[in-house]
Amino acid sequence: MSIEKMKKSDAEWRAQLKPMDYQITRHAATEPAFTGRYWDHHEHGVYRCVCCGTPLFESDTKFDSGCGWPSYFQAINPENVIERADLQYGMIRTEIICAVCDAHLGHVFNDGPPPTGLRYCINSGALSFEPQPVPQEQTK
């Protein structure tokens, strides 16, 4: 399946996004740990790309990794995120970007919980949240 790319000018991104969200998503900045709007967020729903609305992570896959950023052990659809090598700052990491709009989201590490063993460490500034009702089987 081919994903259609969203293209906007830098001016359009600046007009659409909050200043910190713009720096994070368009210039791979990182918000300080324990400061983002979703690091300690516990509502049921879907976390989407703040730039284009692509669904990225479900609240059921969010966990407290202790790192200060929202962490998830699985993407909703692996085709919605692209992994690429990040060799900045003398480290070897795997950057995660949105497959639709190329927004920088964060990084993925191999130190997460089962069943995947992954930790998608994502900047809150790269996300928007869509609340959803808790399924009936989870309310009993």
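**Stop 1: the β5-β6 hairpin**

Start by selecting β5 and β6, which form a hairpin with 6 residues between them. In the turn, pick out Tyr89: its phi is positive, about 65 degrees. Keep in mind throughout that this is a predicted model.

Now show the two strands themselves. β5 covers residues 81-86 and β6 covers residues 93-98. They run antiparallel, joined by 6 bridges. Two of the pairs are worth labelling. Val81 has Cys98 as its bridge partner in β6. Ile82 is partnered by Ile97 in β6. While the side chains are on display, recall a general rule: in a regular strand they alternate between the two faces of the sheet.

**Stop 2: the sheet**

Widen the selection to the sheet that holds the hairpin. How many strands form this open sheet, and in what order? There are 6, arranged β3-β4-β8-β7-β6-β5. The pairing is antiparallel. Go next to the edges. These are β3, residues 62-63, and β5, and each pairs on one side only. One strand of the opening hairpin, β5, is therefore an edge strand because it pairs on one side only.

**Stop 3: the loop between β7 and β8**

Select β7, residues 104-109, and β8, residues 119-122. Pro115 lies in the loop between them. Zoom in on the bond that joins Pro114 to Pro115. This peptide bond is cis, with omega about 10 degrees.

**Stop 4: helix α2**

Move to α2, residues 19-27. Which of its residues are buried? Colour Asp21, Tyr22, Ile24 and Thr25. Then bring up what covers them: the cover includes α1, residues 10-16, and β7. You have met β7 already, as a member of the open sheet.

**Stop 5: the loop after α2**

Step off the end of the helix. Ala28 follows α2 and sits in the loop that leads to β1, residues 45-49. Its phi is positive, near 55 degrees, in a residue other than glycine. Is Ala28 buried or exposed? Neither: at 37% relative accessibility, Ala28 counts as partly exposed, because that class lies between under 20% for buried and over 50% for exposed.

Stay in this loop and select Phe34, which also lies between α2 and β1. Phe34 has a positive phi too, near 65 degrees, and is likewise not a glycine. With a relative accessible area of 45%, Phe34 is partly exposed.

**Stop 6: the whole chain**

Zoom out and colour by secondary structure. The protein has 3 helices and 9 strands. Reading along the sequence gives α-α-β-β-β-β-β-β-β-β-β-α. The radius of gyration is 15 Å, close to the 14 Å that the globule rule gives for 140 residues, so the protein is as compact as a globular protein of that length. Along its principal axes, the C-alpha trace spans about 50 × 35 × 35 Å.

Next, consider the interior. Of the 140 residues, 41% are buried. Turn on contacts with a separation of 6 or more: residues 24 or more positions apart account for 55% of them.

Finish on the surface. The accessible area is about 7,800 Å². Carbon and sulfur atoms contribute 53% of that surface. For a last view, colour the charges: 13 are positive and 18 are negative. The mean positions of the two sets are 4 Å apart.

Conventions
Residues are numbered from 1 along each chain as its sequence is written. This is a predicted model: local features need pLDDT of at least 70, side-chain atom pairs count only at pLDDT 80 or more; totals for chains, interfaces and linings use all residues. Side-chain values use heavy atoms; hydrogens and water are left out. Helices (H or I, at least four residues) and strands (E, at least two) are DSSP runs, numbered from the N terminus. The radius of gyration is taken over C-alpha atoms; the globule rule is 2.2 Å times the number of residues to the power 0.38. Buried means under 20% relative accessible area, exposed over 50%, partly exposed in between (1.4 Å probe, protein chains only). Contact means heavy atoms within 4.5 Å. Accessible areas come from the Shrake-Rupley method with a 1.4 Å probe; for residues, only the protein chains shown count as cover. Lys and Arg count as positive and Asp and Glu as negative; His and the chain ends are not counted. The place of a charge is taken as NZ of Lys, CZ of Arg, CG of Asp or CD of Glu. Two strands pair if DSSP finds at least two bridges between them.
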